[in-house]
Amino acid sequence: MRQIGKLTRRIFLQGGLATVALLLWNGFRGPTKAWAADPFSGTDFVGKTREGKHSSFYINFWKPMRRINPETWTLKISGLCETSKTFTLGELRALPMRSQSSRLKCVECWSARAEWGGFSPKELEPMVRPHASAQGVVFHCGDEYKEYLPLEALHQDRVLLAHTMNGAPLSDAHGFPLRLIAPAKYGYKNPKAILEMEYVDEQQVGTWSKIGPYSPDGTILPGWDHPLEYGKEARRIPGGEITY
Amino acid sequence: MKPLALFAFLVLVPSPAYSSEMVEVPAGEFEMGNNADRYALPKKTLRLGAFSIDRFEVTNKEFQQQFSNHSFWKGSGAHPVTNITWDQAKTYCEQVGKRLPTEEEWEKSARGTDARLYPWGNEPLHKKPHPFYSGIIKRKVGLNKKDTSPYGVRDMAGSVWEWTESGKNGEKVARGGLWNHHLDYEYGKTFDRNLIAPSERFIFLGFRCAKSEN
């Protein structure tokens, strides 16, 4: 029985070996076919890639991770709340759903737009009743990534816990079964493959801000964007959610 | 300066009343806009009457004096106030007997009459505005003495963006620039502008006030 979302050393090494083998195999097949698919296609793992179908919407992961089993996955809600609780995917899909078109903007400059479907993080609160002292949520993800968002940010109208993308269930690469969509924040504040949401009473620094020179706030700043569907042509952006 | 002394200087020294200090910009013509940048307004010569503008952006402490429920981290009283809507900025200015500057006034205050690209001249500063960091770190207003316009107005290329009175199609014009490694002052030219919905609040967006000279 494999462990969902927990990346052991053995699993990591297995994934690494599988990736190397796939890369070598693709290399032997020649340059034309070498990048027809991303290196994780056909494997039991997902990880960072910009290849194959993902060339139009890049995929970033903190670490390669084993694909999540939808039958055993649950979302755990923990920390400073009255009722710690787990939700099955079916229970989450039954919550009032809305969809929105929004652009995911990576701090590495690229961006891509999709139609996301899901529910507001506020929908969970009557069921778990966060303490008055709770200031924000730490998201624990399948790739061992952690990210923090304050409740104020999670309560914004355009923020979504998404389980569909472009009308279909989220793919493994895009964060199956559940990811956060916060369109005014850089991609690293939009955690994927969420396993647990932990209510906490003080600001915490997420994985990406810990290891790199990235702001814990993560608001998209005025500057430039290079949207993938427009051939990465540089566009000026005013900061916050990108509207084109 | 030793770390302890620096800490004491930054945290313990009381913040002066920055926004009470205004700079007079005399009446006259100036060049506005830039034809080489498709995001800027087209180049034109404008004549403005005399006006005064705050030398510094409004700080957290000053904003709290008008809006007592405004909170900020200890030690950030002299940082520019941000995360406020256009209406809040406008109300603040009116409560202290001023108004928001127009986009034209803001640009003249930043670039003077010689159409300079940056408040200090035409070349980016050698020192990066915010090395090795992607994101905003707010600092005490007026900290970078090189970021000074011909009229002595501070922080018009760095620090934070600023609301103005001007707008278009329901949005308001923001002017200014950021301390940001990725941007490297390239997006802090005197004619750079953004249109932002007045209800938005951002960590990178503050303001300063102006006053007509009668």
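Trainee: What makes A:L75 and A:F139 count as residues that A:I194 touches?

Mentor: In this predicted model, A:I194 touches A:L75, A:F139, A:C141, A:L178, A:R179 and A:L180, leaving aside residues up to four places away in sequence. Two residues are in contact if their C-beta atoms, placed from the backbone, lie within 7 Å, so each of these six pairs with A:I194 meets that cut-off.

Trainee: Why is A:I194 called a member of a nonpolar core?

Mentor: Membership requires a buried residue of one of the listed types, Ile among them, joined to others through C-beta atoms within 7 Å. The largest such core has 81 residues, and A:I194, B:A89, B:F204 and B:L205 touch the most other members; A:I194 therefore counts as buried, with 20 or more other C-beta atoms within 10 Å of its own.

Trainee: How do you know that strands β7 and β12 of chain A pair?

Mentor: Pairing asks for at least two bridges between the strands, and 6 bridges join β7 (residues 136–141) to β12 (residues 194–200), which run antiparallel, so the criterion is met. As one example, A:F139 has A:M197 in β12(A) as its bridge partner.

Trainee: What makes β4 and β8 of chain A the edge strands of their sheet?

Mentor: The open sheet in chain A has 5 strands in the order β4-β3-β12-β7-β8, with mixed pairing, and β4 (85–88) and β8 (146–150) each pair on one side only. Neighbouring strands of this sheet are turned by 20 degrees against each other on average, direction ignored.

Notes
Residues numbered from 1 in each chain as written. Chains lettered and ligands numbered in written order. Predicted model: local features only at pLDDT ≥ 70, side-chain atom pairs only at ≥ 80, totals over all residues. Buried ≥ 20, exposed ≤ 12 C-beta atoms within 10 Å, placed from the backbone. Helix = DSSP H or I, 4+ residues; strand = E, 2+ residues; numbered from the N terminus. Axes fitted to C-alpha atoms, helices over the stretch in contact; angles between N-to-C directions.
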